[in-house]
Amino acid sequence: MMKEELETTNRPDNTAFTQQRLPAWQPMLSAGIVIPGFVLIGLAFIGIGVGLFITSQNITVLEKDYTGVETTSDCYKCSNPSDKNCTCKLEFSLSNLFEGPVFFYYGLSNYFQSQRSYGASKDEYQLSGDLDYFKTPVSACSPYQYDANQKPIVPCGSLANSMFNDTFKLYQIVNGTKKLVPFDGKGIAWWTDYNIKYRNPSVTPLKNAFNGTVKPSFWSKPAYELDTSDPSNNGFVNQDFLVWMRRAALPDFRKLYRRITEGDYASGLPAGNYSLEIAYNYPVLSFGGRKKVVFSNVSWMGGKNQFLGIAYLVVGSLCVVMSMVMLIVYAKFKFPEDD
Amino acid sequence: MLRRRLNRLFGRDERRVDSRTIYVGHRPCPATDAFIPPKFCDNRIVSSKYTVWNFLPKNLFEQFRRIANFYFLIIFLVQVIVDTPTSPVTSGLPLFFVITVTAIKQGYEDWLRHKADNEVNKYLVTVLEDGRRARKESEKIKVGDVVEVVEDETFPCDLILLQSSREDETCFVTTASLDGESNHKTHYTVPDTEKGLESLSATVECEQPQPDLYKFVGRMHIYKNDQEPAVRSLGPENLLLKGATLKNTQKIYGVAVYSGMETKMALNYQGKSQKRSVVEKSINAFLLVYLCILVSKALVCTTLKYVWQSQPGQEEPWYNQKTQKEKDANLYLNMFTDFLSFMVLFNFIIPVSMYVTVEMQKFLGSFFISWDKDFFDPEIQEGALVNTSDLNEELGQVEYVFTDKTGTLTQNSMEFIECCIDGFQYKNRDSSTELDGFCVTDGPVSMLQQKAGREEEELFLRALCLCHTVQVKESTGQEDGVGDQVDGVLGLDGEMVHPAELRGFIASSPDEVALVKGAMKYGFTFLGMESKNMRVMNRDKDVETYELLHVLNFDPVRRRMSVIVRSKCGDIMLFCKGADSSIFPRVRQEEVDRIRMHVERNATEGYRTLCVAYKLLSSEEYAQADAGLREARLALDDREAKLMAVYNQVETGMSLIGATAVEDRLQEEAAETMEALQRAGMKVWVLTGDKMETAKSTCYACRLFQRGTELLELTVRTLEDGGRRREERLHEVLLDYHKRSVQDPPPVKTRVTRSWTSAKQDYGFIIDGATLSLLFNSSPDSSHYKSLFLQICQNCTTVLCCRMAPLQKAQIVNMVKNSKGSPITLSIGDGANDVSMILEAHIGIGIKGKEGRQAVRNSDYAIPKLKHLKKLLLGHGHLYYVRIAHLVQYFFYKNLCFILPQFLYQFFCGSSQQPLYDAAYLTMYNICFTSMPILAYSLLEQHICMEVLMSNATLYRDVAKNAMLRWSPFLYWTLLGVYQGLLFFFGVRFLFSNPALQDNGQVFGNWSYGTIVFTVLVFTVTLKLAMDTRHWTWINHFVIWGSLAFYMFFSFFWGGIIWPFLRQQRLYFVFANMLRSVSAWLVIILLVLLSLLPEILLLVLRKPRWPHSRQPSEDRLLQTSRSLPSRPCPTST
């Protein structure tokens, strides 16, 4: 009895798994599959590429540098950092209709929002409205944690402190008179940032929550006065603030400033002369940076980007060429066909 | 204290002296003036490695000596000390886990060793102290104590046998646990010490401890009251070794001569050292390369950072000012910490998880070997056994196979097949079970045609009955286990002859038993010894007695043994049996001619042949021989040489009476297995203790030697031809062979051609133990000849080493192992005499044979039969090698293209150690997203199915010499990793030249960037593995698609919730937003395809050489011969 038991325990299980005989699919890449496959993929890619390319071509972009490096530029006068509250003008004309909706971006270059210490220098608990962190901001915010009087800075940290503070007004010159082009400041930040991730403390009026704190040193006004006209765009949920707080990946970046969707300009900017009035506050020359504004319309693929279309075209034609080469190789050397 | 130290000093001095003196029973002897009890070590055996106190530091030290562990420790410490981009938990936790598990495992193993040590050390033994018997713990035995051992006990230390309870002053021991020989060996007491152990006053003078189990020289001075001290010589037959077991003897007394760690057993104890596979060595080499890559990356980044910062305005832009602390810090210190931070950031390039995965793969993979039902042997009801899982892949890399002969190639069940008496052949016509072939009780022996005279017949049979050292195990029905104790060769046939009496024979070799049993079948039965009288029952059922005068023991150089007996009627006869080569020169030539033909025919049939000769001694001759033998036995120096001289002198002028043939049957499929191994490019060396002729015939039978094989012999015989000094002759022969086999052969150097069909001359090399020791131990310039020897051997398809001592086997293995290119060696054997070579070789394989379990216990893998070796190597070994090689390369590759974008990102973030990926991705990449597919691959992949691998042995050559882990494949994988890493990063970089990627015009930030790169990465490396997978079981499907699905699911989940325990919700809705962008989708598809494109092209253009499906092999062979047109074999079939 014992012996029999021993026998059964000693004998290896005869299952497909233990005997390494699981049924298996053994794929074979044969010419008959690969060549048509390549042709199909190639054609599909070329198709997508053409679509992308045309789409991208149809996007109109207007880029204007307003750093004021060139002495001819109107903004040259403002490039001196000691000059406060300087405004300058940027004038341009459109010969055709700039189709809408038009998106208005500001762009910075040689600006490293992607630096680690810079990106880490914020307090997300504070920004989600936790009042405890209004009094003691996280130490990562240093040197913008406390001011010289040891008062907590809200919102703390380099990232918030360096918020972009140039403001723009666009006028269409119609018959010599300036007609304000209305800007839409909503919907420029991620929906989740605006609605969930960033929260104002639930104190009314908002100002009271900031008692005992000071504004970031670079800011001209405290957070609760970012947009006094609209409480839902004030404080930490101010969309300009949210756009700034989402760090750019690369040192040359653009961020959405406004959309032009209203009034006469809902279908785009008509041909004509325009004047952009810039409140020039943001210093970039100290680190060799540049500032620019960008008007652009977008498609289903986003802003203008030639890369994707070209890449698809190249890879697609590469695939087709490869399949041709393979066809020749197979035909010439007559590889034994797999069965 | 000082004295002890002095003593120790003296002790050390004493060690240098050739001999030690032991006072039996610690009694001072009259002859010595001052009695200083000499100091010897105590009798404690220590095999454990750690104590409770030193376990933690010592174990940790040993673990951190592993380069990988040390590296991870450093990274962890850096993360703790320096402000780094990732938290110390990411590397600390896995490291802690690995270290703890290893420590627990090693601690447990050491605890087992402690337990075993204690069992031995605390064992109670009986010691005679001043005439009283005292029980003592074994570890307290001192050298000089007189120890009592009873039957079936093991000896607690090395003892000189003083007194035995047996009448004939002998005792029996088995040394199964020492050298594995399970037969009973006879040991003798020292004469004249029989009585009065209490009053015995004697000293033993013997050599210092040395590990050779079979060598012992000493002498004993016995002091009697006022006589001259009597001197008795001591040899190995007087020495009882620790670890051996007393058998068949009620009790013995002996004096301890070597104790504790100085016993021969302890000196022979060869710790099973950790064997490491070539793959592990490759991993370490690759690791170093990656370490260099890592360090250079960190250096580049640090340099860049400071170069960049030195530009105006970049040192500290107004938007990102430094804290006071940073400003105060030393510049160089800052540089250093920056360097370390970069190291930490990039450290994922060498992941802990690779080690965990490799270990898991090995551990789990080894189950497939023990589960394989093809390895199951219904006879012994066992399958394969895996003792170590570290060497699975090494099985696919074997270049040299060292095999034992007896019990491995052959079955080690000896059977008396036929004999030849006076030139007439006597053969059992039917199978041995049928007794009709033998006229057992009446009439003459059956024969084929004619028969020799009755007298010759009887003389021959008597010789068989007398000339041996077999003992009869009398068993009185009660002992049922008798069969197990006698070599498994039980006198069952004897039962048929004498049903009343169960008879077992005990002998040092199964041949002897076979011979005695053979004689029994022909009517002459050996009944046993009765105080120096051998009793033989002849055909007429009469009992003849012969007085045994001398046994001229067998030794491998003489290759014969003799006995001198005196018959009832006073005739003194010498019977001698031995190898034909050693007998023929010593008998008359005309007798030889009649028998030689039979012997040679038998030998080529694979039988073990022995010749039997005899000689009548006149009383003068005997007296002379007797005196010579006695004198030689007492000699303290050169005893063996002197004995040999006397033996040779006595064993001359004999007359040949016949020859015997004993069959040792081949193992099942031995020839097919050997052939397959050779075709797979392995060189098979047969290392045997057996004699040349038999071994040669076995080699022929196993098809290791073919008919066309040219044999190069290098044996004692070839050396004696020239009449010159042996060494000179040796060198001359070596040079000649070297010229023939190494320099001359046609310059076809391809390894493919050296198969059985090739036109190249095959060489076989034969060397014997004596010549080998001559080669190894001779003159100082022998190293040149040694290398000559090695070169010859390496050019031969088969090398046969016969008459090898166990240690010589290991020596050979060691020589090959350390030769140029350090080839992978495999030893396979079944007996304890193979243990040394099993331990020495890279892979040791034990056969679960008849000779005990010693080999199995010391092996790395144990299989029931030799034939299983084929599947183990060609099937499992090949697959495991491919699997693990792919695993290792893939791991390095996937981490290179994982970290390269992170490195490149440093150029776009001001070299500020900004991680490209979120911490969760960094940690999970190796643990969750990409680990399971490769693990499944490395366990289940069969790029070529098992049957094809087995039927096409040449496939084994494809992976020979670590082909998949050399630098060129490594470079290929590395370049692939670099290509893909560059593609991932710059593809997304160009996409992000306009970060407005959504149709609502909103822009993406840095985490979106990282997430897109990471998504491309996970898909690419997983699909790359999918492309490499040739064997898709449902498990592969499940883990590959499951991993990708899990990644998607995890990313949604991770970004879908505000995690309360996280300070920064970096990835909040990043992944979901990414999926909303068409451009992101398009770029992911584009980059994945573009990354895999070169691989797909290669896959298509490189015609797979081997179909993977299970189909008959004929057309495949045709196909390969077609696809290998460069095969330079002009006359191949």
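Begin by selecting B:Glu393, which is buried in this predicted model, its relative accessible area being 1%. Keep that residue on screen and add B:Lys362, which is also buried, with a relative accessible area of 3%. These two residues form a salt bridge, and the closest N and O atoms of the pair are 3.3 Å apart. If you now colour the chain by its helices and strands, you will find B:Glu393 in the loop between β14 (385-386) and β15 (400-403) of chain B and B:Lys362 in helix α9 of chain B, so the salt bridge ties together parts that are 31 residues apart in sequence.

Stay with helix α9 of chain B, which covers residues 352-371, and select B:Phe367, which has its place there. With a relative accessibility of 31%, B:Phe367 counts as partly exposed, because the partly exposed range lies between 20% and 50%. Show the surface and add B:Met360, B:Phe363 and B:Leu364, since together with B:Phe367 they make a nonpolar surface patch of about 330 Å².

Next, select B:Arg133 and B:Glu148, which form a salt bridge with their closest N and O atoms 2.7 Å apart. B:Arg133 lies in strand β3 (residues 132-137) of chain B, while B:Glu148 lies in strand β4 (residues 146-150) of chain B, so this pair ties together parts that are 15 residues apart in sequence. Is each partner buried or exposed? B:Arg133 is exposed, with a relative accessible area of 53%, whereas B:Glu148, at 5% relative accessibility, counts as buried.

Before leaving chain B, select B:Asp377, B:Glu379, B:Glu668, B:Lys865 and B:Lys867 together, and you will have on screen a network of salt bridges that links these residues.

Now move to chain A and select A:Arg258 with A:Asp240, a salt-bridged pair whose closest N and O atoms are 2.8 Å apart. Here A:Arg258 belongs to strand β7 (residues 253-260) of chain A and A:Asp240 to helix α9 (residues 239-245) of chain A, so the pair ties together parts that are 18 residues apart in sequence. Both A:Arg258 and A:Asp240 are buried. Over all chains, a search of the whole structure finds 48 salt bridges.

For the last stop, show helix α2 (residues 31-58) and helix α10 (residues 306-333) of chain A, whose axes come within 7 Å and cross at roughly 160°. That angle makes α2(A) roughly antiparallel to α10(A), because angles over 145 degrees count as roughly antiparallel. The crossing of α2(A) and α10(A) is left-handed.

Conventions. Residues numbered from 1 in each chain as written. Chains lettered and ligands numbered in written order. Predicted model: local features only at pLDDT ≥ 70, side-chain atom pairs only at ≥ 80, totals over all residues. Heavy atoms only, no water. Patch = residues over 30% accessible without salt bridge, like charges linked within 9 Å, V, L, I, M, F, W, Y side chains within 5 Å. Areas by Shrake-Rupley, 256 points an atom, 1.4 Å probe, with all protein chains shown as cover. Salt bridge = Lys/Arg side-chain N within 4 Å of Asp/Glu carboxyl O. Helix = DSSP H or I, 4+ residues; strand = E, 2+ residues; numbered from the N terminus. Buried < 20%, exposed > 50% of the residue type's maximum accessible area, 1.4 Å probe, protein only. Axes fitted to C-alpha atoms, helices over the stretch in contact; angles between N-to-C directions. Parallel < 35°, antiparallel > 145°, perpendicular 65-115°, else oblique. Left-handed = near helix turned anticlockwise from the far one by under 90°.
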